[in-house]
Each structure stands twice: as C-alpha cells, then as structure tokens.
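Thanks for coming. I will take this structure piece by piece, so please keep the view open while I talk.

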Amino acid sequence: MLERSKLTFKMSQEKTILIFTLLGVIILAFIVIPIVNMIATQVILDVDALIKTAKDLSVLKSIWLSIYAAFLATLIALIFGVPLAYVLARRDFWGKESIESIIDVPIVIPHTVAGIALLTVFGSHGLIGYPLSNYIGFVDALPGIVVAMLFVSVPFLINSAREGFESVDPRLENVARSLGASRWKAVCEITIPLASRHILVGAIMSWARAISEFGAVVIIAYYPMIASTLIYERFLSEGLSASRPVAVLLMIVCLLVFILLRAISARWKRYDRD
Amino acid sequence: MIEIKGLSKNWRGFSLKNVNLRVEKGEYFIILGPTAAGKTLLLELIAGFCEPNEGGIWINDKNVTRMTPEKRGTGFVYQDYSLFPHLTVKENIEFGLKIKGMPKSRIEEKSKEIMDILGISHLSHRRPRTLSGGEQQRVAIARGIVIEPSVMLLDEPLNALDARTQIQLRGELKKIHREAKLTTIHVTHDQTEAMVLADRIGVMMNGEIVQTGSPEEIFHFPLNERVAEFVGVENIIEGMVTSNEEGVATIRIDDHIMEAISSAKVGDRVRVCLRPESITIAPSKTLSSARNSFSGMITQLVPLGATCRIEIDCGFPLISLVTKTSAEDLGLRVGKGVCASFKASSVHVF
Amino acid sequence: MKKLVAVFVVILLSCAAPGCITSEKVTLKVLHAGSLSAPFEEMERLFEERFPDVDVQREAAGSTKTIRKVTELNKTGDVVASADYSLIAPMMYPEYADWYILFAKNSIVIAYTNDSRYADEINQDNWYEILGRLDVKFGFSNPNDDPCGYRSQMAIQLAELYYNDGNIYDDLVEKNTNLRMTFEDGTYILRAPNSEEINPSDKIMVRSMEMELIHGLDAHEIDYYFIYRSVAEQHNERFLELPPQIDLSSADYADTYKKVQVVQSSGNIVTGKPIVYGITVPKNAEHYELGLEFVKLVLSDEGQKILDEMGQPPIVPAVGSGNVPQELMMLVYQG
C-alpha cells in the first residue's frame with residue numbers, strides 16, 4: 001500500500017518535470033531555430049559571401065565599433081549605475097519607487113522615441129549638447145552612439161547590481177565596520193566582491209543590449225555606422241543577400257564573446273562552495 | 001567601561017525608551033529579555049550601526065554617540081555569525097587587523113594565537129559555508145576578539161546552535177572572558193545562559209531596562225511580576241501578611257500559612273514568588289529545616305529531559321522542578337499525594 | 001485564489017473577443033512608400049467605410065524596401081505603392097508583377113523652420129549660396145536607400161545647369177561627403193559608394209530615410225533639408241520651392257532631368273525623371289481583387305482630391321504600363 005502511494009507520488013513528480021521539459025524545449029526551439037536557420041542558410045548556401053564579408057574592412061570596422069561603443073556604454077553604466085544600485089539597495093527614502101520605475105522606462109519606450117528624445121537633448125542645440133558643443137559632439141559621432149546605447153542598456157546593469165547588493169546581508173557590512181573598516185572600505189572589500197557576480201552578469205546583459213541597439217542609435221548617429229546600422233543599410237541598398245552575411249558575422253562574433261563572458265561569470269568565485 | 005544615558009530610539013517597529021546602563025570594565029554583562037524587546041537594537045546602537053534619537057553612549061569615558069562604528073572599537077558577533085563568505089577562516093579573522101594596517105608578521109602571530117585558543121586552527125583555510133554552526137561561531141568570536149575591542153558585543157551568540165554545542169561554547173565564552181578580562185555585553189533570552197555566564201544581568205522588556213542586578217538578585221528577587229514570570233519564577237501566589245517577627249513574615253494564603261523572609265508589614269497584600277527548583281518533594285511530611293511544608297496531590301507531570309515539571313494542588317497550585325531520577329525514585333505520577341516543602345529564605349515577597 | 005484566476009481569465013477572454021471578431025475580417029495589406037503615409041491613411045479610412053468587412057493594414061517604408069518585402073522577405077502585400085514607379089519593373093517583373101500605374105507626382109523642395117539660419121533671406125536665387133555658408137547645416141537622405149535621396153542629388157546637380165554655376169554640387173556635396181559627380185558622354189553620373197563610406201562632414205546630416213531628417217530639423221541639428229514637397233506640406237513645415245527645371249516635378253523638363261544619373265551602391269542605375277508614384281497589385285497578393293479595388297479608390301476622384309490636399313498632385317488621367325487589368329482600364333490612359 002505504502003509502496004504504491006510512493007510510486008504514484010514519484011510518477012506525478014516525473015510528470016511535472018516531463019511537462020516542464022516539454023514546454024521548455026518549445027521555447028528553446030523558438031529561440032534556436034531562427035538563429036541556427038540564419039547561420040546555417042548562410043554557411044551552407046553562400047559561404048563565399050560570408051568569407052568575403054569577413055574580409056570586408058568596412059564590415060569589420062562596424063562590428064568593432066559596435067563592440068567598442070557598447071563597451072564604453074557599459075563602462076559608463078558601471079561607474080554611474082553601480083553606486084546608484086547600492087543606494088537603492090541599502091536606503092529607503094521618499095520617492096524610491098518612482099526612481100526604480102524611472103530606471104525601467106528605457107526598456108519600455110520604443111527605441112525610435114528614445115533616439116528622438118536623445119537627439120533633442122544631446123544635439124548641438126540641445127539641453128546637454130549645447131553647453132558641451134565646444135568640447136564634444138554627439139550627432140553622427142561616437143559619443144552619440146555611446147549615449148544611445150547607454151540609455152537603452154543601463155537599466156539592465158542597475159537592476160542586476162541592485163539585486164546583487166540586496167542579496168548581501170547588511171550585517172556583513174556592519175561587522176566589517178565594527179572591525180575598523182570605513183563604509184567605503186566595507187563596500188569595496190565585502191559588499192562589492194559578494195555582489196560581483198550580479199554586477200558582472202548585469203554588465204554582460206547591458207553590453208549585449210547595447211550591441212543590439214539600432215533604433216535609438218540610428219537617429220542620433222547614422223555615422224559612423226555600427227554593425228546594426230550597416231546591416232539595415234545593406235538590406236536597403238542591396239537586399240537580403242548582402243545584409244545576411246554581415247548579420248551572421250555579427251551574430252557569430254557576439255555569440256563567441258557572450259560564451260566567453262558567461263564562462264568567466266560561471267567560474268567566478270562561488271562562495272557557497274569551496 | 002560602558003555608560004549609556006537616557007538612550008531612546010525608534011527603528012522599524014522596535015523602540016528603546018530611556019535606557020540607562022553602566023557596564024564596568026571587565027564585566028560580563030547580560031541583557032536578558034524576550035524576543036522583540038529591542039536587545040539587538042541596543043547592541044547596534046552601542047556599535048554605532050545606527051544613531052539614537054536621544055541620549056548618549058560613553059565607552060571608556062569617551063562620548064561615542066555620534067562616532068562612526070569603525071572608530072568605536074567594538075567587537076560584534078551576530079546570532080547568525082555573519083562571517084564574510086568570500087574569505088577563508090583565516091582571512092575573516094585577519095580582516096580587522098589588516099584594516100588597521102598591522103604588520104604582516106604581527107597579524108600572523110595574533111591570528112594563530114586566537115585560532116589556537118578557540119581550537120579552530122585546523123579550519124584556517126576553509127570557507128565559512130563549509131563549517132558547522134559551532135565552528136562558525138568560534139570564528140566569529142575569534143574575529144571580534146582578535147582586534148582587542150574595548151567592548152565585545154554578542155547578539156544571541158548561542159541561539160542558533162544545538163544544545164550540546166551551546167553548553168560547550170558557553171563554557172568557552174566563560175573561559176575566554178576569565179582570561180582576557182574583556183568587557184562584554186551579551187544579549188540573550190535564555191535564562192540558563194544568563195545564569196551561567198553573567199556577572200550582572202539587565203532585564204529588558206518592551207524597550208526598557210526593567211531591573212539590573214546579580215544573577216542571584218534577578219532570579220530570586222525579581223522586581224515585579226513581569227520580570228518574575230520572564231525569569232522563570234513559576235509560582236506567584238497572592239496572600240496577606242498576618243505577622244512579622246524580626247523579618248520572618250507569616251503570610252496567609254486562603255487557609256494556609258507560609259513563612260518568608262521579608263520586611264512586609266502586617267496587613268500588606270503581597271505576592272509570593274517561588275522558583276520551582278526551590279521546592280523539594282517528599283512522599284510524606286518529613287522533618288526538615290524547611291519552615292514551609294504543604295501536602296497536596298500531583299495534577300500534572302511533564303518530563304523535560306533531565307528534569308520533570310510537576311504541578312501540585314495544595315489548596316493553591318505549586319509548580320516544582322525535580323530531577324528525572326528523583327521523580328522515578330519517588331514513584332511520582334498524577335494523582336499521587338506528596339509533600340512539597342521549601343525554605344523561608346527561598347520565598348521572595350513583593 | 002482560484003476564483004481570482006477565473007475572473008482574470010474571463011476578463012482576458014472578453015478583452016480578446018473584439019479582437020477575434022476583427023480577425024475574422026479580411027486583412028488587406030498595403031505596402032507603400034513612407035511619403036504616401038498621409039494620403040494613404042485617408043484612403044484606408046475611405047476604403048474601410050466602403051468595405052466594412054475589410055481591415056486595411058498599411059506598412060510604410062522606403063520604396064526599395066517596400067518592394068523587397070514582397071520579393072525577398074516572403075511578405076505578401078495586396079497593394080504596393082512606390083515613390084518611384086521605375087523601380088517596379090526592374091525589381092518585380094516578371095515574377096511578382098507585370099503592370100503598374102502612374103498615379104501622382106511630387107517635387108523636391110528645401111524644408112526649413114523659422115529658426116533656420118538665414119531663413120529670412122533664402123529664395124530661389126540664393127539658396128545654394130546660403131546652403132554653402134560655413135555656419136549652415138543641411139541634410140538629405142541616403143541615395144542608396146531612398147529615392148528622395150538620389151533625387152536630392154539630381155536636383156543639386158541640375159541646379160548647376162539651371163543657374164549656370166559649375167561649382168554648386170562641388171561646394172554643397174563633394175566638399176562634405178565622399179559622393180562624387182562625374183561627367184561622362186553628356187551625362188552627369190553619381191556613383192554612390194557603399195552607404196558606410198559616404199562619410200558626411202559636420203555640415204551635412206545624412207539619414208537613411210527622408211522622414212528621419214525631420215527630427216534633425218526639429219532638434220535644430222540642421223537648418224535645411226531636401227525633401228518631397230508632400231512631406232513638407234503634411235508636416236506644416238516652411239519650404240522653398242525650386243524652379244521646375246530642378247525639382248523633378250514637371251514632365252515638360254523630362255529631357256533635362258535625364259541628364260543626371262545615379263548609380264546606387266548595389267549597381268542599380270537610376271536616371272533623372274519626373275517624380276511619379278507607381279502602384280501595382282503583386283501577383284502573389286492574397287486578395288488580388290480587393291487590391292484592385294484599393295487601386296481604383298486611389299485613382300478615383302475622391303482619391304485624387306486627397307492626393308492633391310496632401311501635396312502630391314495626382315496625374316490625371318493616370319498612366320498605365322504593362323498588362324493593366326481590364327477593370328482598371330477605364331481609369332487609365334495606357335502609355
């Protein structure tokens with residue numbers, strides 16, 4: 001009797017896992033099929049174009065520009081976003097919820113709208129662009145690309161870092177301070193190392209988001225062309241057969257960088273294991 | 001020496017009201033109180049993790065009320081140990097010394113010494129997550145002590161441990177304190193812990209220090225009924241003083257007469273407190289030095305491991321604690337008639 | 001809890017219900033050039049009034065992209081309307097279409113705002129001099145992507161002929177970009193490099209689509225830009241009309257326009273000609289008949305009125321080319 005009830009229990013458990021796995025496979029296929037299809041079509045049907053693209057200097061330049069600009073955007077996001085994330089995680093204050101909502105706004109608004117808003121503010125007659133116009137130009141320049149990427153990608157970093165800081169017990173900081181560490185030291189030596197995985201994952205997400213940005217960038221900076229603009233451009237002027245190899249190349253490069261970073265973040269010290 | 005004057009603080013539903021406290025140098029002071037009495041908050045105020053709304057704190061005659069925690073030199077041990085999970089045991093212990101900029105060789109020496117004392121040298125390269133609760137607590141204590149703090153603050157340090165480890169670590173805390181003569185404030189809700197460890201005890205309830213005194217004073221002469229109840233005085237009986245001869249008062253409880261050492265005057269309505277472990281049980285009325293002896297019937301018997309809690313109806317209820325062995329020897333069971341007796345000096349009257 | 005979920009599901013379903021009803025309607029897909037957005041919005045309204053069971057879905061994009069959606073992205077469209085009729089035959093014939101109709105025209109103008117530098121001075125005689133001034137910025141769309149882009153180039157080159165000043169294109173374009181106009185066998189030819197190599201200086205803003213330049217003007221990033229008259233009209237912008245010898249609006253100057261050619265980076269050669277909108281129903285349309293109905297509406301008196309109001313004067317009568325379906329014959333003059 002007992003055996004049987006144990007068995008049915010086990011079976012119902014298995015069933016749940018089975019259904020979950022099935023559903024998971026479907027969504028996974030949904031992600032994988034378009035990507036693999038695109039890469040495979042290119043590699044099988046027209047590998048020459050891919051090779052030619054890989055040697056095309058302007059393609060390589062645009063991919064490098066994408067990676068570089070996204071890196072700069074992520075760096076700025078780290079410098080300004082991590083401190084904000086810490087304050088949000090540690091302090092309660094009036095209007096905190098509103099600030100947290102504001103941070104998510106760039107995720108929600110259409111990117112063309114974001115681009116127009118940024119152009120208005122960072123343009124050479126804009127609120128920020130005008131006073132800086134003698135030192136730095138945003139329109140059709142690298143700073144413009146970085147600004148657009150930063151705008152759409154920084155929420156990912158801030159949210160992830162905030163989660164990281166929230167996961168660190170404030171008592172650890174208290175103890176560190178009782179042992180003679182200033183708050184700055186306690187944050188640097190205890191909190192940041194413990195939240196570092198979250199921060200790293202946030203930085204990766206933010207970088208990836210920045211690379212993929214097109215709508216906001218193209219409005220403020222059509223030139224110099226980043227990879228996504230170039231892909232769009234090639235599609236418009238020469239069609240799918242010209243744009244796909246660039247897209248595939250960008251995808252491969254990003255996938256490699258992504259896998260590498262993920263591996264690093266997975267190897268990152270896991271404190272719950274020895 | 002720690003001195004706290006008129007300290008008040010409201011924080012997330014906890015509040016401290018006008019706390020006044022003085023802990024002498026080298027003293028082991030225990031703050032005893034039920035959960036949510038504000039004990040941890042008091043410790044965090046002393047350590048400087050938050051600022052009081054009113055009042056002040058002096059450590060060794062220096063006003064530290066507005067000082068940042070890192071300048072106060074307190075050693076803090078939380079109930080959950082709060083070890084730095086990304087550092088090894090050794091790195092945890094050396095954290096405070098490194099921050100202070102102590103030379104490397106000196107750090108090595110000191111951390112080795114403290115690890116030897118606490119018997120954790122073999123764990124030095126392990127990470128906190130891999131340690132047992134008792135081991136983690138030893139590391140936490142070592143980490144606090146090694147910086148030679150002006151005061152050691154312990155927040156329910158034994159609470160999360162199993163009974164055996166509790167007893168073991170209790171002994172070690174006592175030993176370390178005796179050797180290092182470290183001023184210690186230890187917060188707990190556990191009476192045994194307080195009784196065993198404390199030089200003095202402060203009873204804290206609802207954010208106030210209600211009574212301070214030696215363990216003897218607290219446990220046998222609680223200031224009022226609330227304290228009495230909390231410190232485990234299970235017998236609190238109302239009566240009236242009918243005579244008082246040279247400090248030996250006769251108290252009438254319904255039809256019964258009880259003697260107690262007290263200065264209460266004739267005609268006073270009083271409460272009589274009696275700790276359950278002060279009551280001895282005999283099968284029948286015996287001759288003893290005990291002035292008070294009452295016959296009654298056992299109405300309830302609850303085994304508590306090594307001891308047994310017995311409720312006796314002597315016309316008024318009495319609760320007694322006897323060892324398991326004597327309960328067996330005496331053949332105690334519900335319904336059996338027994339005689340409960342206790343000394344007049346065990347009775348506390350207020 | 002369960003109740004709550006049930007209520008939620010019911011609400012969701014009831015919200016979805018009207019959607020279900022509309023999805024039973026026939027969806028007519030109209031792919032059109034960005035510059036036709038305004039008049040076609042009106043057409044959509046009219047058409048849905050006339051055919052209540054039809055839901056018209058419009059997709060605006062550059063003309064080239066609009067056609068590519070059908071020919072390369074496997075998107076079916078029931079109507080394709082291009083800002084350059086001459087793209088339809090080379091890109092869609094014979095597999096995707098075998099006829100088209102010229103139904104409206106447009107012209108290239110220079111749009112600006114009151115805040116633009118020298119807005120008070122600019123006129124038909126000095127515009128190229130003002131655009132050339134050091135402190136003036138202007139924009140045009142990418143000649144590789146956008147008919148408005150290459151037409152702007154043609155207009156600037158045609159200005160050299162009209163004003164008899166051989167430096168206009170050099171001063172305005174060549175000095176500030178990698179676009180080069182050459183003169184070969186009596187024709188002016190612009191061989192556009194790949195888009196990423198156009199490389200405009202600070203003076204010039206290039207965007208893929210003419211519509212994107214509007215934001216540049218709004219943000220005062222540029223003072224002037226070359227744009228279709230219809231767009232300027234629809235956005236209530238001030239604009240300077242150029243002489244008909246330049247602005248590609250008039251069939252009378254077709255021979256003049258012909259003197260300029262643009263070779264797009266894809267190799268596609270476009271020759272200057274009057275700006276004429278072409279419309280067709282692709283062979284693979286899901287609702288071919290309804291597509292024809294939509295074309296009829298565009299060619300009707302009401303359709304013509306709308307086009308006129310939006311700054312895209314209709315061609316009356318419309319001119320057909322190829323195997324124009326029988327039922328449209330009445331409305332067109334077969335050229």
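**Chain C: two sheets**

I start with helix α6 of chain C, residues 147-163, which lies across strands β7, β8, β12 and β13 of chain C. The helix runs at about 145° to β12(C). Before going on, I should say that this is a predicted model.

Now the sheet under discussion. Its four strands come in the order β7-β8-β12-β13 of chain C, and the sheet is open, with mixed pairing. Which strands stand at the edges? They are β7, residues 181-184, and β13, residues 269-271, of chain C. Each has a single partner strand, so one side of each is left without a neighbour in the sheet. From one strand to the next, the twist averages 25°.

Inside that sheet, β8 (residues 187-191) and β12 (residues 260-263) of chain C are paired in the parallel sense, over four bridges. If you want a position to look at, find C:I189, which stands opposite C:Q261 in β12(C).

Chain C also has an open sheet of seven strands, ordered β2-β1-β3-β14-β4-β15-β16, again with mixed pairing. Its edge strands are β2 (54-61) and β16 (332-334) of chain C, and each pairs on one side only. The twist here averages 25° from one strand to the next.

In what sense do β4 and β14 of chain C pair? Strand β4, residues 99-105, and strand β14, residues 276-280, are antiparallel, with four bridges between them. C:K105 is placed opposite C:V276 in β14(C). This sheet has a helix packed on it as well: α11 of chain C, residues 288-299. Helix α11(C) touches β1 (26-33), β2, β3 (79-82), β4, β14 and β15 (314-322) of chain C, and its direction makes about 50° with that of β1(C).

**Chain A: a helix pair**

Next, chain A. Two packed helices are described by the angle between their axes and the distance between the axes. For helix α3 (residues 57-90) and helix α9 (residues 183-212) of chain A, the angle is about 140° and the axes are 9 Å apart. That makes α3(A) oblique to α9(A). Their crossing is right-handed.

On the α3(A) side, the contact residues include A:S66, A:F71, A:T74 and A:Y86. On the α9(A) side, they include A:V187, A:I199, A:S206 and A:W207. By class, the residues of this contact divide into 14 nonpolar, three polar and no charged.

**Chain B: two domains, and its contact with chain A**

The domain assignment splits chain B into domain 1 (2-229) and domain 2 (233-349). Taken over C-alpha atoms, the centres of these domains of chain B are 37 Å apart. How many residues of domain 1 of chain B are in contact with domain 2 of chain B? Seven are, and they meet six residues of domain 2.

On the domain 1 side, α7 (215-220) and α8 (225-230) of chain B each supply at least two residues. Helix α8(B) gives the most, with three residues. That side of domain 1 of chain B has four nonpolar, one polar and two charged residues.

Last, the contact between chains B and A. It takes 21 residues from chain B and 20 from chain A. On the chain B side, β6 (74-77) and α2 (89-99) of chain B each supply at least two residues. The side of chain B that touches chain A has 10 nonpolar, six polar and five charged residues.

Note on methods
Residues numbered from 1 in each chain as written. Chains lettered and ligands numbered in written order. Predicted model: local features only at pLDDT ≥ 70, side-chain atom pairs only at ≥ 80, totals over all residues. Axes fitted to C-alpha atoms, helices over the stretch in contact; angles between N-to-C directions. Parallel < 35°, antiparallel > 145°, perpendicular 65-115°, else oblique. Left-handed = near helix turned anticlockwise from the far one by under 90°. Nonpolar A, V, L, I, M, F, W, Y, C, P; charged D, E, K, R; others polar. Domains from an automatic or database assignment. Pairing = 2+ DSSP bridges.
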